[in-house]
Amino acid sequence: MMAAEEEKVRIDKWLWAVRIFKTRTLAAEECQKGHVSIGDVHVKPSKELHGGEVVKVRMPPIERHYLVKKLSSKRMSAQLAVEFVEDVTPPETLALLNAVKVYGFESRPRGIGRPTKRDRRMIDRLKQGWSDEDEY
């Protein structure tokens, strides 16, 4: 019976143990919100996880994919967590994440306030792609 218990771990415990989420409560909340899935099925925090499965975790603006190499319900250091999980997120998805970081039109320095009507129009033109012929 001990061997069967070692082969199964709750998904919220595993996500916390391999340091995908900072706390187990956060991992459970993300499961309840439908941000965690195995295959195309959203899972509850109590879902038993098996080795070899691919867990998808939605972390806006992208969805990350993690391969379960080994199971553990105990929190470990980041160096040891590499043996238990592998990030198999497609490269084109990671490229989207980098593009959002580089071209973050929406970010504004703190304390500057809301954009004015003129600023908003400029932002919209940048997003849509405008040419020199457009009026300023």
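**Exercises: salt bridges and a nonpolar core**

Lys56 is buried, at 16% relative accessibility. Keep that in mind as we work through this predicted model.

**Exercise 1.** Find which residue forms a salt bridge with Lys56, and where the two partners sit.

*Solution.* Start with the side chain of Lys56: its salt-bridge partner is Asp40, with the closest N and O atoms 3.4 Å apart. Next, place the pair: Lys56 lies in strand β5, while Asp40 is in the loop between β2 and β3 (41-42), 16 residues apart. Finally, check the accessibility of Asp40: at 71% relative accessible area, Asp40 is exposed.

**Exercise 2.** Work out which residues are joined into one network by salt bridges that share partners.

*Solution.* Begin at Arg10, which pairs with Asp12 at 3.1 Å between the closest N and O atoms. Then look at Arg24, whose side chain also meets Asp12 in a salt bridge (3.3 Å, N to O). This second pair links helix α3, which holds Arg24, to helix α2, which holds Asp12, 12 residues apart. Now compare accessibility: Asp12 is buried at 2%, whereas Arg10 is partly exposed at 29% and Arg24 is partly exposed at 33%. Put together, Arg10, Asp12 and Arg24 make one network.

**Exercise 3.** Trace the largest nonpolar core and the contacts of Val55.

*Solution.* The core has 21 residues, and Val55 is among those with the most contacts inside it. Elements giving two or more residues to the core include α2 (11-17) and β5 (54-59); the largest share, 3 residues, comes from α2. Among the residues that Val55 touches are Ile11, Trp14, Leu15 and Val36.

Notes:
Residues numbered from 1 in each chain as written. Predicted model: local features only at pLDDT ≥ 70, side-chain atom pairs only at ≥ 80, totals over all residues. Heavy atoms only, no water. Core = buried A, V, L, I, M, F, W, Y, C linked by side-chain atoms within 4.5 Å. Buried < 20%, exposed > 50% of the residue type's maximum accessible area, 1.4 Å probe, protein only. Helix = DSSP H or I, 4+ residues; strand = E, 2+ residues; numbered from the N terminus. Contact = heavy atoms within 4.5 Å. Salt bridge = Lys/Arg side-chain N within 4 Å of Asp/Glu carboxyl O.
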